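Open the structure in your viewer and switch to cartoon view. This tour goes from sheet to sheet, with selections to make along the way.

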Amino acid sequence: MLDELPIPLDRSAPEPLSVQVADALRAAATGGVLRVSDRLPSSRALAQRLGVSRAVVSTAYDQLHAEGWIAGRRGSGTYLRTAPAAAPPRTAPGAGAVPETGLLDLRPGAPCTDAVDPAAWRRAWRAAGDLPAAARKDRAGEPEFRVTVAEHLLRHRGLVAEPASVLATAGTSAAVAELAAALLRPGDTVAFEDPGYQRAVGAFRAAGVRVLPVPVDDDGLRVDLIPPGVRAVYCTPAHQFPLGARMPAARRVALIEYARAAGVFVIEDDYDGELRYDTAPLPLLAAMAPDVVVHLGTTSKILTTTLGVGWLVARPDITDAVLAHRADTGTGPSLSGQRVLSEFARHGDLARHLRRLRRVVPPRRALVVDALVARGLPVLGDDAGSHVVVQLPDAAAERTAVAAAHERGVLVNGLADNHLGEPHRFGVAIGYTAPSTAELATAVPIAADCLA
Ligand SMILES: Cc1ncc(COP(=O)(O)O)c(C=O)c1O
């Protein structure tokens, strides 16, 4: 049988014949055609059969020998020494988390990528590609990127931050994971908005940190209900996720006073703070109290979740701890995304893009809000960001609405998905940045029907 081993050779292919022979034998071993201890033809016999020189087969055998696939050589013959475990069967379509196709997706999370100017985007990637490959990674982020972020924060978030206090991150959730690993110990507790952003919960939990739910009201996190003994507090003051309220000044002051008195740090997740369509944003928590606030920003809401780029601004002992963690674990944000963002910002494309978002998104938001309000539905959330919430009376109404919308081909997110503890706020979140206006025009009336 081994004399008939399938070894197809393509003499016009760029790969040398010896590589093709080795590939075919490796494939025979991984595919189970060859088994451990099977003897291979001698190099002379195989060369003859394939019509190639003996050197071609010897080179292939030498390679497989060096890789540990075959053993035994001249004289005693060559046999297969290793066969890998069979690959697990592929998951059958329909099983597991197969993406749902053909449905109109109104779940919040994805940004308005159709507002990204393709020419500007291409320019940024080209310019980033023109930069020489860096020999080492700067674990704090590229100096150019840190200056870009400091400028962005000043212009768009009113925060005066020295580039030295800015670290590049791989996004908010990655930054939360780093803060948990660098500053907290397994078993430590953090206070977390409930409902809130479950990926950040997951990031804490992965580090062994216990996440304690703190209810939110119309002013955001209930500072008076933070349990004793926590080491940190996580919140989204510019636009509470998912309910959409902005934390007013008095609550901010209360939170900062609490943090100073208790000696804890506050993580300010400013995930979509650039997207405010009515009034100017309030000062960031980080601007009010850089001594206790770790500010996190991301490109996930303003550009694309796929760039994997964000930033962290904090006092020196915190940035040092994150850097030490990165050095210990050999981790750190990728350079390419930082370079793309720096280049996108360099000639004003980022600022133009943000202006464009503030022009393009409000009509989509209005389309959604108008359709919901016309059905008499209670819509929550400031004129900001990329989603709204329709409040429902109870868990059963929420489940029914989500299932009915799904049945009719529209995906919405139930607030149950955003709770840490027993759900106490009911409703669905509807995103309006990722779908086109035409998709919204089709999907929103269906969602409104199911909610009404
Ligand atoms: C509350 C909140 N924070 C942060 C993010 C973005 O996280 P990342 O930068 O990890 O993509 C999102 C995205 O949906 C979010 O909803």
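Which residue in E3 is the bridge partner of Ala 71? Select Tyr 79 in E3: that is the partner of Ala 71. Keep in mind that this is a predicted model.

**First stop: the three-stranded sheet**

Stay with this pair of strands. Strand E3 covers residues 78-80, and E2 pairs with E3 in the antiparallel sense over 2 bridges. Now show the whole sheet. It is open, has 3 strands, and follows the order E1-E3-E2 with antiparallel pairing. Next, select 39-40 for E1 and 70-71 for E2. Both strands stand at the edges with a single partner strand each, so one side of each has no neighbour in the sheet.

**Second stop: the eight-stranded sheet**

Move on to the open sheet of 8 strands. Trace the order E5-E12-E11-E10-E9-E6-E7-E8; the pairing is mixed. Select 166-169 for E5 and 220-221 for E8. These are the edge strands, and each pairs on one side only.

Then go inside the order. Select E6 (residues 189-194) and E7 (residues 210-217). They run parallel, joined by 6 bridges. Where does Ala 191 find its bridge partner in E7? Pick Leu 212.

**Third stop: the helices on this sheet**

Select residues 143-157, helix H5. H5 lies across E5, E11 (293-298) and E12 (310-313). The helix runs at about 75° to E12.

Finish with helix H10, residues 316-329. H10 packs on the sheet and touches E5, E10 (265-269), E11 and E12. The direction of H10 makes about 35° with that of E5.

Methods
Residues numbered from 1 in each chain as written. Predicted model: local features only at pLDDT ≥ 70, side-chain atom pairs only at ≥ 80, totals over all residues. Heavy atoms only, no water. Pairing = 2+ DSSP bridges. Helix = DSSP H or I, 4+ residues; strand = E, 2+ residues; numbered from the N terminus. Contact = heavy atoms within 4.5 Å. Axes fitted to C-alpha atoms, helices over the stretch in contact; angles between N-to-C directions.
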